[in-house]
Amino acid sequence: MLGRTIAAFTLGMTVALPAIAADAPTEIKIGTLYASSGRYASISMPVHSGLKLWIEQKNAEGGVYVKAFDKKIPIKLVAYDDQSNTATASSLYNQLITQDKVDILVADSGSVLTAPAVAIARDHKMFLFNQTGTGASFFSKDNPYIALMADPVSTIWPKPIADFLIHDGPALGIKKVAILYSTNEFTGTQATAVRKFIKDSGAPLEIVYDQGIPTETTNYTVMINNIRKTQPDAVIHLGYAPNDIALLRNIGEVGVKFKMLFSIYAGLETELLEKNVGAKGLEHVFTYVPPTDLDYPVNFGMTMAQYRAAWNKTYPDGKVEFGFNAVAGYTTALVIEKSLSVATSLDQLELHRAVFSLSGELKTLDGTFGLDEMGGQIGELTPLGQIALKDGHLKFVEIYPHDANNSKPVYPRP
Amino acid sequence: MRHLLLIVLPLLVIFALLPGVYQNHLLLFNFVIFLVLAQGVNIIYGFTGYLPFGYVGFFGAGAYGFAITVMHYHASAPMAVLVAGAVGVALGLFLSPLLRLSGAYFAIANMAAALAVLHFVANPALEDITRGPYGVSLTGTFNPTLAYAAALIVLALTMGIVVFLKNSSFGLALQAVREDPVSASMAGVNVVRMRVIAWLASALVAGLAGGVYAWYVSVFFPDNVFSSDFSIFAIVFALFGGVATITGPIIGVVALYGVYNLIGFTTPQYFQLIYGLLIMVLVLFLPAGLVSLATRRGWRVP
């Protein structure tokens, strides 16, 4: 009986293995878009470069391990340049799905260039690896074809800032808060979240200035003077990198010193801001401490130090800044790699299952990967920090939450 | 009638059949949208001489007209597209005083007006109505097939308007106004009325196109539907083919948007170089558009 069983098993394996090998594709096609020019190039190119770096690395190792075929399979990247044009992006996403027939669909960076992909991916039943599109309108319980890879959803991202103001602010003498934000989905949602956290807390904080302005704003002189008149103890600026650059430059020109100034991109794209504002202009600015400075323990992929070394080796010219977005692109790649290593087929709903199975388990250089039920990223909240200038170099000092606390904040700004 | 049969009908038949043989329907849809927008530019620029750099304002307003009608009034998508057209016309009426300006002054004022509409729609204070900067999701009405069919109907309407302008005394009067408004007025043409009608017709088709686009795309932000790229592309395509004709903008869209996508799909790294050189060559050697190749030889171009 045992002999017969072994014989049947052997025969079965003999028949099945070649069948698996024959079914395995010669390459895994990853389709994505990037913006080499236009308004979103500065956030798109680092993300794209991170993804490309991983693909080159995996192909040099013989490909990515795909559990569905129990072998390593080389990756073919199909990438189109949408030039920050949303109409172009929509037809290119469709091209990736209908003509190139990619196995894995990865969105461009940012909500505006991710938006055209959401309905198309869902219509074609393609799972969308949404890299940094935090738009709340993308996620719904009835759409299983999307998940956010790297950024926390904007509704919870600014919680550490609000918590700092609520819990530590009164002791530091922070009573009046000014909020200035750019009216786009990314920063508008963060402003709404900060406002809500503060109001719901019942903390003795008064929002004395709350103003949304067009994202295209390049001169903040009037706003700076208006904010100064309200004598705030803390100024929270929520804008894109160009907004932060313009604001910080104008603050330097006007000669105002707010007691506390928060800016998103001082931390997320420090190299870019330092180039444009100078190290002195960033000193004492409060910001998100980027993963590049946190060195999260990893259970998959390179550590931050290894990734930075690989980045510098691959992109030695420094044309694309190494920062938060560079990490986001590589994080997406790691989620893809890990998903392929657990998915039992390349069916898109199986990919969905595989991605969601990583929630809370996968720890990358971007922190813990965690998803809510709709696919929003909730894994790692970026701590609040403050930039210090030491020996001419910028350094992040972690401020909040306290378990990650390195030092007390410099408040008020000298 | 001849133009309808020989130009408009084949164009519509081709775009109605193409989805059966080419799967990237969204690309075909974008072709149709740009055909509508280029012809919309043709109506206002080709026949009156007003260059609408802010043409996207009507398109975006139409898209948000569609979205608001669907979100707040739970109207059907076809009804919302009609509302989108009405919103385009209403905005056109509101902005009609701009027609007092001319040349670069009109172009700049029109662009500023489009930006103003964008920031009005994206204002967080209007979140309850427009969803402000946070974007809309209209997945309930999402139906690519019907949206494509609706785009073809809007294209048919737009082409009908252009054919009418090309063949009617009204269109002739408009061109007279474009060439010399004082002489046209002396000849009994109501200059203001003529211009406003052309302006509103142009706004109507852009509003309808915006509505259909919102129907197809279904998830978008203000920046998506008010992107100045729509204005620039529509103007470039119309000029490339040749304005004040029926076929010029069609040739412009098919050739230039075709090349645009061909380069984008095959050699995206050389995109700007090739596309930029192509436009430079045309501006230098064919400033009146591709149709001027024929008109220079004395051939009549419809």
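Visitor: Is Val281(B) buried, partly exposed or exposed?

Guide: This is a predicted model. Val281(B) has 44% relative accessibility, so it counts as partly exposed. The residue sits in helix H14 of chain B, residues 271-285.

Visitor: Which residues make the nonpolar surface patch?

Guide: Val281(B) belongs to it, together with Tyr270(B), Leu273(B), Ile274(B), Leu277(B), Met280(B), Leu284(B) and Phe285(B). The patch covers about 840 Å².

Visitor: Now the empty space. How much space lies in the largest pocket?

Guide: Start with the general idea. Rolling a probe the size of a water molecule over the atoms shows where empty space is left. Here the largest pocket holds about 860 Å³. Its lining counts 42 residues. Nearest the centre are Arg39(A), Ser84(A), Ser227(B), Ser228(B) and Asp229(B).

Visitor: Which helices supply at least two residues of that lining?

Guide: From chain A, helix H2 (41-60) and helix H8 (241-254) do. From chain B, helix H5 (103-121), helix H12 (228-241) and H14 do. H12(B) gives the largest share, six residues. By class, the lining of the largest pocket has 22 nonpolar, 16 polar and four charged residues.

Visitor: How many cavities of 30 Å³ or more are there?

Guide: The count is three. The largest cavity has a volume of about 140 Å³. Its lining has 17 residues, and Ala150(A), Asp366(A), Gly367(A), Thr368(A) and Glu380(A) are the closest to its centre. Helix H13 (324-342) and strand S14 (367-368) of chain A each give two or more residues to that lining. The lining of the largest cavity divides into eight nonpolar, six polar and three charged residues.

Visitor: Next, the backbone. Where are cis peptide bonds found?

Guide: The general rule comes first. Most residues other than glycine have a negative phi, and most peptide bonds are trans. In this model, a cis bond joins Tyr400(A) and Pro401(A), with omega about 5 degrees. Another cis bond runs from Tyr411(A) to Pro412(A), with omega near -5 degrees. Pro401(A) lies in the segment after strand S16 (393-400) of chain A. Pro412(A) also lies in the segment after S16.

Visitor: What is the phi of Lys101(A), and what is that of Ser218(B)?

Guide: Lys101(A) has a positive phi of about 50 degrees. Ser218(B) has a positive phi near 65 degrees. Neither residue is a glycine.

Visitor: Where do they lie?

Guide: Lys101(A) is in the loop between helix H3 (86-98) and strand S5 (104-106) of chain A. Its relative accessible area is 49%, so Lys101(A) is partly exposed. Ser218(B) is in the loop between helix H10 (191-217) and strand S2 (219-220) of chain B. At 0% relative accessibility, Ser218(B) is buried.

Conventions: Residues numbered from 1 in each chain as written. Chains lettered and ligands numbered in written order. Predicted model: local features only at pLDDT ≥ 70, side-chain atom pairs only at ≥ 80, totals over all residues. Heavy atoms only, no water. Patch = residues over 30% accessible without salt bridge, like charges linked within 9 Å, V, L, I, M, F, W, Y side chains within 5 Å. Areas by Shrake-Rupley, 256 points an atom, 1.4 Å probe, with all protein chains shown as cover. Salt bridge = Lys/Arg side-chain N within 4 Å of Asp/Glu carboxyl O. Helix = DSSP H or I, 4+ residues; strand = E, 2+ residues; numbered from the N terminus. Buried < 20%, exposed > 50% of the residue type's maximum accessible area, 1.4 Å probe, protein only. 1 Å grid on protein atoms, 1.4 Å probe; cavity = no way out; pocket = protein on both sides within 12 Å on 5 of 7 lines; lining within 4 Å. Points joined across faces, edges and corners; volume = space filled by probe spheres on them. Nonpolar A, V, L, I, M, F, W, Y, C, P; charged D, E, K, R; others polar.
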